[in-house]
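Student: I am new to this structure and would like to learn how its descriptions are justified. Could we go through it together?

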Amino acid sequence: MEWNDREILRYMGYHGQEPPKELRTLMETCKRELECAATPRAIWREYPLLIQNQEIDMGCLRTQSRSLERNLRDCERILLFAATLGSQVDVLLHRYTILQVSKAVVMQAASVAMLEEFCDRKNEALRETYRKDGWYLRPRFSPGYGDFPLDCQRGIATALELNKRIGITLTDSLLMAPSKSVTAVIGISRIARSCSIQGCESCAKTDCEYRR
């Protein structure tokens, strides 16, 4: 796969600094181990969309969220999307948390970057497929971003049958297992629109050390 080293470094808190050679070497080692351990999988389903009286009705779940509503402006339908790197990545992270904390930090950052890159590639493929039929996809928007409630994870998990289909389960606190997993909503519109409301761009926490 193609790796974005700048994203790995960002997740480790590097902003413009040149990392030492030893860290670069450790990053390469972690990337190779992750490529062997990860079993990336994704699933998505299309649903109708109705936004009325500040309520977003996605067929399988309803919620209120100004930031998600802004992201879905002009959309007629949505895709519910989920992806995971698989349980063996968690095994790696747990192992190095016990054996080598410095490597665990790099592995954690690299696994997040790996998941983002996998999702980006899947979303680009979906974008091309829908574009052939005259549809345009908005950036993915995950529960927990902006004011999109985290408890919408439950509705997405049920609608996509995440445990049955790709082995993702939810804890009582709405965390996902395997930990390197993500769910999201992707708007579908007949109107092409330049849109960057995704991830950091939608979050009000401007002092976050991991912000782009």
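Student: Is F141 buried or exposed, and what makes it so?

Tutor: Happy to help, and please keep in mind that this is a predicted model. F141 has a relative accessible area of 0%. Buried means under 20%, so F141 is buried.

Student: What kind of aromatic pair do F141 and F148 form, and how do you know?

Tutor: Their ring centres are 6.0 Å apart, and centres within 6.5 Å count as a pair. The planes stand at 40°. Planes under 30 degrees apart would be stacked and those over 60 edge-to-face, so the rest are tilted. The F141 and F148 pair is therefore called tilted. F148 is buried too, at 2% relative accessibility, and F141, Y145 and F148 make up one aromatic cluster.

Student: Why is the pair of W44 and F81 called stacked?

Tutor: Here the centres are 6.4 Å apart and the planes meet at 15°. That distance is within 6.5 Å and that angle is under 30 degrees, so the pair counts as stacked. The two rings come from distant parts of the chain: W44 belongs to strand β1 and F81 to strand β5, 37 residues apart.

Student: How do you know whether W44 and F81 are buried or partly exposed?

Tutor: F81 has a relative accessible area of 0%, under the 20% limit, so F81 is buried. W44 has 34%. Partly exposed runs between 20% and 50%, so W44 is partly exposed.

Student: Which strands do E46 and R77 lie in, and what makes their contact a salt bridge?

Tutor: The closest N and O atoms of E46 and R77 are 2.4 Å apart. A salt bridge needs these atoms within 4 Å, so the pair qualifies. E46 lies in strand β1 (residues 41–48) and R77 in strand β5 (residues 75–84), so the bridge ties together parts 31 residues apart in sequence. Both residues are partly exposed: E46 has a relative accessible area of 33% and R77 has 28%.

Student: Which helices does the salt bridge of E33 and K103 link?

Tutor: Their side chains meet at 2.6 Å, N to O. E33 is in helix α2 (residues 21–37) and K103 in helix α5 (residues 101–131), 70 residues apart. K103 is buried, with a relative accessible area of 7%. The whole structure holds 18 salt bridges, and a network of them links D5, E18, R24, E28 and K31.

Student: What makes helix α6 mostly covered?

Tutor: In α6 (residues 152–160), seven of the nine residues are buried. Among them are C152, I156 and L160. After α6 comes E161, with a positive phi near 50°. E161 also forms a salt bridge with R165, at 3.1 Å between the closest N and O atoms.

Student: Why are β2 and β4 called edge strands?

Tutor: The open sheet has three strands in the order β2-β3-β4, paired antiparallel. β2 (50–52) and β4 (62–63) each pair on one side only. Three bridges join β2 to β3 (residues 55–57). At least two bridges are needed for a pair, so β2 and β3 count as paired.

Student: How do you know that the charge of R190 sits over the ring of W135?

Tutor: R190 lies over the face of W135, at 3.7 Å from the ring centre. The distance limit is 6 Å, so R190 meets that part of the rule. Similarly, the charged end of R10 sits over the ring of Y11, 4.5 Å from its centre.

Definitions and conventions:
Residues numbered from 1 in each chain as written. Predicted model: local features only at pLDDT ≥ 70, side-chain atom pairs only at ≥ 80, totals over all residues. Heavy atoms only, no water. Buried < 20%, exposed > 50% of the residue type's maximum accessible area, 1.4 Å probe, protein only. Helix = DSSP H or I, 4+ residues; strand = E, 2+ residues; numbered from the N terminus. Lys NZ or Arg CZ within 6 Å of the ring centre and 35° of its normal.
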